[in-house]
There are 2 protein chains.
Amino acid sequence: MGVDPGLTRCGIGVVEGSVGRPLTMVDVSVVRTPADLDLSRRLLRLENALDEAVRTHRPEILAVERVFSQHNVSTVMGTAQASGIAILVAARHGLSVRLHTPSEVKAAVTGSGRADKAQVTLMVTRLLRLAQAPKPADAADALALAICQIWRGAAQDRLAAAVAAQAGRSAR
Amino acid sequence: MGVDPGLTRCGIGVVEGSVGRPLTMVDVSVVRTPADLDLSRRLLRLENALDEAVRTHRPEILAVERVFSQHNVSTVMGTAQASGIAILVAARHGLSVRLHTPSEVKAAVTGSGRADKAQVTLMVTRLLRLAQAPKPADAADALALAICQIWRGAAQDRLAAAVAAQAGRSAR
């Protein structure tokens, strides 16, 4: 399950697959919370929606976009808070959480870390063999995160295990 | 209840009182989560600690420091996520949440929005008539937030009500 965190729109995409096999979209949705609502109620609604999505789909891993502070200063706090809620919900369900930067996600689905939104949407549509492009961009981004996790995640975890093993040997 | 949000240290201070009457410290604590723990487990521990604090003290209002993105770029994401968790816990318990900027808090307890940490700690110690200064700074900051809420909160709420009433008249 990929989550493109946000307060106004939070994309949730569920993809099934493994490296070297075709990918299948299981579900995609966008949670919206009105900007004129209290921040506390917005976070609560988001939590409920994410919790329901995790209960419904029982994903193996939750992949969340890594938020950077230098990007979109006006909305970054809300985005960071939304990502915190997503990570919290995952932890509560005992799910592993993986963070991917926007350029890692773009590179995974388009081959270029500097691809634009249209390219990402196009590739997500192709890779999942969808009849229509997922809209809005947050929906496509959430699916791209899930695809990135499937393709990059296994390699990342092997690398982390190798580093940990090396550290273990050095410590002895 | 004042919360100075943070992942490594999160201050929680509970103060009882009203404008024009002496203030009393009910409780102060600092939740710590180890930096080498998974982000998801850190957020989960923080949620549990905040939830327990709210259940124990049943505060009327949760005052949280407003996080700015231009401040401490390296830790701001964790701080924003921690504040999101605090606000979420408050919302779940039906508590009102108020945000105060660091300079509002400093101005409330020291008279100057540019006061340093030592001044804030000194004034919190005096205002709450404590035998010892609260430590670390996160504990003092959480108590300062609670005091700020008691002193500024009532005025802020009256102002908000007046603005809402004015907007209502203009709309008619």
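This passage describes the contact between two chains, one residue of helix H1 in chain A, and the cysteines.

The structure is a predicted model, in which local features need pLDDT of at least 70 and side-chain atom pairs count only at pLDDT 80 or more, whereas totals for chains, interfaces and linings use all residues. Residues are numbered from 1 along each chain as its sequence is written, chains are lettered from A and ligands numbered from 1 in the order in which they are written, and side-chain values use heavy atoms, with hydrogens and water left out.

We may begin with the interface. Chain A contributes 22 residues to the contact and chain B contributes 22 residues, where contact means heavy atoms within 4.5 Å. Between them the two chains bury about 1800 Å², with 74% of this on carbon and sulfur atoms; buried area is the accessible area (1.4 Å probe) that two parts lose on being put together, summed over both. Two salt bridges are found across the interface, each being a side-chain nitrogen of Lys or Arg within 4 Å of a carboxyl oxygen of Asp or Glu. A salt bridge joins the side chains of A:Glu47 and B:Arg92, at 2.8 Å from N to O. Four residue pairs, both residues at pLDDT 80 or more, are in polar contact across the interface.

On the side of chain A that touches chain B, the elements giving two or more residues are helix H1 (39–57), helix H2 (76–92) and strand S5 (96–100). Helices (H or I, at least four residues) and strands (E, at least two) are DSSP runs, numbered from the N terminus. H2(A) gives the most to this side, with eleven residues. By type, the residues of this side divide into 15 nonpolar, five polar and two charged. Here Ala, Val, Leu, Ile, Met, Phe, Trp, Tyr, Cys and Pro count as nonpolar, Asp, Glu, Lys and Arg as charged, and the others, Gly among them, as polar.

Helix H1 of chain A also holds A:Asp51. A:Asp51 is buried, with a relative accessible area of 13%; buried means under 20%, exposed over 50%, and partly exposed in between (1.4 Å probe, protein chains only). Beyond its neighbours within four places in sequence, A:Asp51 is in contact with A:Val89, A:Arg92 and A:His93.

Finally, the cysteines: zero disulfides are found over all chains, a disulfide being a pair of cysteine sulfur atoms within 2.5 Å. The sulfur of A:Cys10 lies 17 Å from the closest cysteine sulfur, in A:Cys148, and so is too far for a bond. A:Cys10 is buried, at 1% relative accessible area.

Notes:
A polar contact is a pair of N or O atoms within 3.5 Å; within protein, one must be able to donate a hydrogen and the other to accept it, and residues adjacent in sequence count only if both atoms are side-chain atoms.
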